[in-house]
Amino acid sequence: MNTTQIIVTLVGFGIIGWIVWYFWLWKNESVTAQTKAGGLQEIDVTVKGGYQPAIIIAKAGQLLRLNFTRRESTLCGEEVVLPDFGKRAHLPENKTVPIDVTPEKPGEYEFTCGMNMYRGKLIAR
């Protein structure tokens with residue numbers, strides 16, 4: 001094996017390691033939804049290479065409004081799916097789309113993009 005092949009192989013392993021870390025091992029910080037007047041919980045979620053924040057903490061049994069704003073043109077971020085709530089929404093670029101859900105019980109509820117590559121989690125307590 002010559003020097004070029006070794007360098008290409010090492011770079012390839014580095015890229016594979018980064019992909020594994022980014023999609024499966026990286027843990028975002030969690031953010032607690034703010035409670036507004038009337039008990040409505042609300043949080044803004046930016047879609048750009050994933051969800052920011054990707055982990056949202058909310059109170060169980062209370063209405064939660066997720067304000068999704070897509071800040072990218074990739075097709076992956078074009079749709080958000082909340083399977084536990086039976087909701088799916090198209091996210092036009094640079095427009096905020098509110099989605100109201102009520103996590104009835106404490107637990108974890110996942111949300112993803114339409115391609116299942118971007119992942120987020122709602123933790124109800």
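**Notebook: turns, rings and one buried proline**

**Entry 1, N116.** I began with N116, which is partly exposed, its relative accessible area being 40%. The model I am reading is a predicted one, and I keep that in mind for everything noted below. I looked up where N116 sits and found it in the loop between β10 and β11. Its backbone caught my attention as well, since N116 is not a glycine and yet has a positive phi, of about 65 degrees.

**Entry 2, N94.** I then turned to N94, another residue that is not a glycine but has a positive phi, here about 60 degrees. N94 belongs to the loop between β8, residues 87-90, and β9. Is N94 buried, exposed or partly exposed? I read a relative accessibility of 47%, so N94 counts as partly exposed, given that the exposed class begins over 50%.

**Entry 3, the whole chain.** I stepped back to the overall layout and noted one helix and 11 strands in the protein. Following the sequence, I read the helix at the start of the pattern, and after it strand upon strand, as α-β-β-β-β-β-β-β-β-β-β-β. For the overall dimensions I looked up the radius of gyration, which is 18 Å, whereas a compact globule of 125 residues would have one near 14 Å. The box filled by the C-alpha atoms, taken along the principal axes, is roughly 70 × 30 × 20 Å.

I also recorded that 34% of the 125 residues count as buried, and that the accessible surface comes to about 7,700 Å², with 57% of it belonging to carbon and sulfur atoms. As for contacts between residues at least 6 apart in sequence, 53% of them join residues that are at least 24 apart. On charge, I found 14 positive and 12 negative side chains, with the centres of the two sets 2 Å apart.

**Entry 4, aromatic pairs.** Next I went through the rings, taking two as a pair if their centres lie within 6.5 Å, and the count came to five aromatic pairs. I looked at Y51 and Y118 in detail: their ring centres are 6.0 Å apart and their planes stand at 85 degrees, so I enter the pair as edge-to-face, the cut-off for that class being over 60 degrees. Which parts of the chain does the pair of Y51 and Y118 tie together? Y51 lies in strand β4, residues 51-52, while Y118 is in the loop between β10 (107-113) and β11 (119-124), so the pair links parts that are 67 residues apart in sequence. Both of these tyrosines, Y51 and Y118, are buried.

I then checked F68 and F111, which also form an edge-to-face pair, with 5.8 Å from centre to centre and 75 degrees between the planes. F68 is in strand β6, residues 64-70, and F111 in strand β10, so this pair ties together parts that are 43 residues apart in sequence. F68 is buried, at a relative accessible area of 0%, and F111 counts as buried at 1% relative accessibility. Putting the two pairs side by side, I note that Y51, F68, F111 and Y118 form one aromatic cluster.

**Entry 5, around Y51.** I returned to Y51 for its own values and found a relative accessibility of 3%, on which it counts as buried. From Y51 to E78, which is 27 residues away in sequence, the distance in space is 12 Å, C-alpha to C-alpha. Just along the chain, I noted that Q52 and P53 are joined by a cis peptide bond, with omega at about 0 degrees. P53 itself is in the loop between β4 and β5, the latter being residues 55-58.

**Entry 6, P103.** The last residue I looked up was P103, in the loop between β9, residues 96-101, and β10. Is this loop proline, P103, buried or exposed? P103 counts as buried, because its relative accessibility is 0%, and the limit for that class is under 20%. I asked what surrounds P103 and, leaving aside neighbours within four places in sequence, found contacts with K59, A60, G61, Q62, F85, Y109, L122 and A124. For A60, I recorded that its C-alpha atom is separated from that of P103 by 5.2 Å, although the two residues are 43 apart along the chain.

Conventions: Residues numbered from 1 in each chain as written. Predicted model: local features only at pLDDT ≥ 70, side-chain atom pairs only at ≥ 80, totals over all residues. Heavy atoms only, no water. Helix = DSSP H or I, 4+ residues; strand = E, 2+ residues; numbered from the N terminus. Rg over C-alpha atoms; globule rule 2.2 N^0.38 Å. Buried < 20%, exposed > 50% of the residue type's maximum accessible area, 1.4 Å probe, protein only. Contact = heavy atoms within 4.5 Å. Areas by Shrake-Rupley, 256 points an atom, 1.4 Å probe, with all protein chains shown as cover. Lys, Arg positive; Asp, Glu negative; His and termini not counted. Charge placed at Lys NZ, Arg CZ, Asp CG, Glu CD. Phe/Tyr/Trp six-rings, centres within 6.5 Å; stacked < 30°, edge-to-face > 60°.
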